[in-house]
Every structure is written in structure tokens, then in C-alpha cells.
Amino acid sequence: MGIALVQVVLFTWGLWMARRRAAGGEDGLILPLWVRVMLSLSLVAAAFVIWRSDPASPYGEWVFWGMLMSFLGDLSMAGIIPWPQRLIGGMLTFAVAQSFYMTAFIQMMATSGGAAGGRGLWIGVAGYGLLLVIGWLFFIRNPRKQAILNYGALGYGLWVGGMACFALDLAMMLGGVWWLTAVGGLIFVLSDLLIGVTDVGGYRIKHKEIWSPGRWRLFTPRQDDVRRIK
């Protein structure tokens with residue numbers, strides 16, 4: 001609970017600072033780097049606390065290592081870890097994290113008396129596979145980018161999709177709170193798909209602010225506000 005409260009405070013403070021910068025024309029509505037780093041690190045801390053509260057749990061241990069690698073992936077994407085190619089470095093680091101998450105899900109199913117490869121896995125393969133391949137073909141593949149980025153994005157996207165498939169398999173097998181894990185897998189797929197669309201596909205998503213007394217919101221009002229960068 002304490003770590004969750006810290007995360008809420010950090011996010012709220014960071015959003016306020018981002019709002020001030022955006023209003024001053026300094027930047028878009030992006031959380032400051034130090035806030036993003038602290039939020040990512042807090043997830044590692046939370047995973048460590050959960051693991052050490054039950055050291056015998058293989059699920060908790062593998063999730064912790066996955067969170068740690070995801071933190072390194074966040075540092076790679078932010079340019080703090082100096083890879084020759086930021087995106088490639090981030091994809092490689094996150095791919096290791098996905099392997100740890102998949103191991104955690106498989107171990108949890110085995111501990112519960114089941115085995116991976118149930119109906120949820122194959123539903124995920126069909127659904128996520130179709131989403132990711134279509135997304136890559138129409139929105140990510142970019143002839144102006146290096147082949148390693150184009151095909152690396154496809155391979156990494158499918159690997160993340162595999163993690164989400166095992167998360168769905170786990171949820172359909174055990175139900176209950178494990179559906180949150182499946183939702184987390186879905187969010188991971190969608191967020192990485194969006195990164196691929198913008199950073200590899202070259203599409204820029206422009207937002208406009210609409211003001212009303214005492215509140216503000218962001219939205220994308222017209223299709224011509226979403227275009228590929230020439």
C-alpha cells in the first residue's frame with residue numbers, strides 16, 4: 001500500500017509539472033524524465049517486496065527479474081543507457097523481461113496443477129497474432145527505416161504478444177485476480193504497438209487542448225492530425 005501511494009503521488013506531481021511545461025510551450029504533455037524513472041523503479045521495488053514476502057514462490061521471483069529488466073528497458077528507451085540504437089537496445093532488454101514474465105506464468109500454472117497450452121493460449125495466439133501482424137503491415141513497417149528496425153519491431157511485437165497469450169492462458173485457467181494479469185498483458189501489447197507506430201512507422205499523433213472553466217482535456221479531433229512524418 002505504501003509503494004502504491006508513492007506511485008500515485010509521483011504520477012500526480014509529474015502530471016502537474018508536465019501540464020505547466022505544456023502550457024508554457026516548452027514540451028508536450030510528457031511526464032518529466034526523473035518522474036518516469038522513479039515510477040519505473042517503484043514497480044521494481046513493489047515486485048521485490050512481493051517476492052520477499054513469499055520467497056518460495058517461483059512466480060514472485062520471476063516477476064521481480066522481469067520488472068528489473070523492464071526498468072533497464074525503460075532506461076534504454078530514455079537514452080540513459082547508451083545503446084548505439086536506442087530502439088534496438090530497448091527491444092532486446094524488454095524481450096528478456098518478457099521471457100521472465102512468460103516463465104512466471106508457466107510456473108504458476110504448473111504450481112496450480114495445470115499446464116500451459118490451454119484454450120486461452122490459442123485464443124491469444126489468434127487474436128494478438130492478427131492484431132500485431134496487421135498493425136505492423138499497415139502502420140509500423142516503414143521503407144525509410146532500416147530493415148533491422150522494421151523486422152526487429154515485428155519480432156519483438158510477436159514476442160510481447162506471446163507473453164500476453166500466456167497471461168490470458170493463466171487467467172482463463174485460474175480466473176479471479178489473474179484476469180488483471182491478462183489485462184496487463186493487453187496493455188503491454190497496445191503500448192508497444194503505439195511506440196512502433198510512432199517511432200518506427202513515423203506517424204505523429206497531434207493533440208489539441210480544449211479549455212473550459214476549471215478543467216482541461218486532450219483529444220485527437222481530426223484524422224489529418226495523425227499523419228506519417230515525411
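**Helix packing in the predicted model**

Met77 lies in helix α3, which comprises residues 58-77. In this predicted model, the surroundings of Met77 include residues well removed from α3 in sequence: leaving aside neighbours within four places, Met77 is in contact with Arg86, Leu87, Gly90, Phe94 and Ile195. The C-alpha atoms of Met77 and Thr93 are separated by 9.7 Å, with their positions 16 residues apart along the chain.

The protein chain contains seven helices and four strands. Along the sequence these elements follow the pattern α-α-α-α-α-α-α-β-β-β-β. Of the 230 residues of the chain, 37% count as buried. Among contacts with a separation of 6 or more, 64% are accounted for by residues 24 or more positions apart.

Helix α2 covers residues 33-53, that is, 21 residues. At 1.5 Å a residue, a span of 30 Å is expected for α2, and the C-alpha atoms at its ends are 31 Å apart, so the two values agree. The buried residues of α2 are Val35, Leu39, Ser40, Ser42, Val44, Ala46, Ala47 and Trp51. In an α-helix there are 3.6 residues a turn, so residues three or four places apart point the same way. Within α2, buried Val35 and Leu39 can be considered in this light, as can buried Ala47 and Trp51.

Two of the residues contacted by Met77, Leu87 and Phe94, also take part in the packing of α4 on α7. Helix α4 (residues 86-111) packs against helix α7 (residues 178-200) at an angle of about 165°, and their axes are 13 Å apart. Because angles over 145 degrees count as roughly antiparallel, this description applies to α4 and α7. Their crossing is left-handed. The contact involves Arg86, Leu87, Phe94, Gln98, Tyr101, Phe105 and Met108 on the α4 side, and Trp178, Thr181, Phe188, Ile195, Asp199 and Val200 on the α7 side. By class, nine of these residues are nonpolar, two polar and two charged.

Helix α7 also packs against α5. The axes of α5 and α7 come within 10 Å and cross at roughly 15°, and the two helices are therefore roughly parallel to each other. The crossing of α5 past α7 is right-handed. On α5, the contact is formed by Tyr128, Leu131, Leu132, Gly135, Phe139 and Ile140, which meet Ala182, Gly185, Leu186, Val189, Leu190, Leu193, Gly196, Val197 and Val200 of α7. The contact of α5 with α7 comprises twelve nonpolar and three polar residues, with no charged residue. Val200 thus appears both here and in the contact of α7 with α4.

A further pairing joins α5 (residues 119-140) to α6 (residues 147-174), whose axes lie 8 Å apart at an angle of about 155°. These helices are therefore roughly antiparallel to each other, and α5 passes α6 in a right-handed crossing. By class, their contact has 17 nonpolar, five polar and two charged residues.

The loop between α5 and α6 includes Asn142. With a relative accessible area of 3%, Asn142 is buried, since the cut-off for burial is under 20%. Asn142 and Val197 are 55 residues apart in sequence, yet their C-alpha atoms are 9.5 Å apart in space. Val197 is also one of the α7 residues that meet α5.

How values were computed. Residues are numbered from 1 along each chain as its sequence is written. This is a predicted model: local features need pLDDT of at least 70, side-chain atom pairs count only at pLDDT 80 or more; totals for chains, interfaces and linings use all residues. Side-chain values use heavy atoms; hydrogens and water are left out. The expected span of a helix is 1.5 Å times one less than its number of residues. Buried means under 20% relative accessible area, exposed over 50%, partly exposed in between (1.4 Å probe, protein chains only). Axes are lines fitted to C-alpha atoms, for helices over the stretch in contact, and angles run from 0 to 180 degrees between N-to-C directions. Angles under 35 degrees count as roughly parallel, over 145 as roughly antiparallel, 65 to 115 as roughly perpendicular and the rest as oblique. A crossing is left-handed if the near helix is turned anticlockwise from the far one by less than a right angle, and right-handed if clockwise. Contact means heavy atoms within 4.5 Å. Ala, Val, Leu, Ile, Met, Phe, Trp, Tyr, Cys and Pro count as nonpolar, Asp, Glu, Lys and Arg as charged, and the others, Gly among them, as polar.
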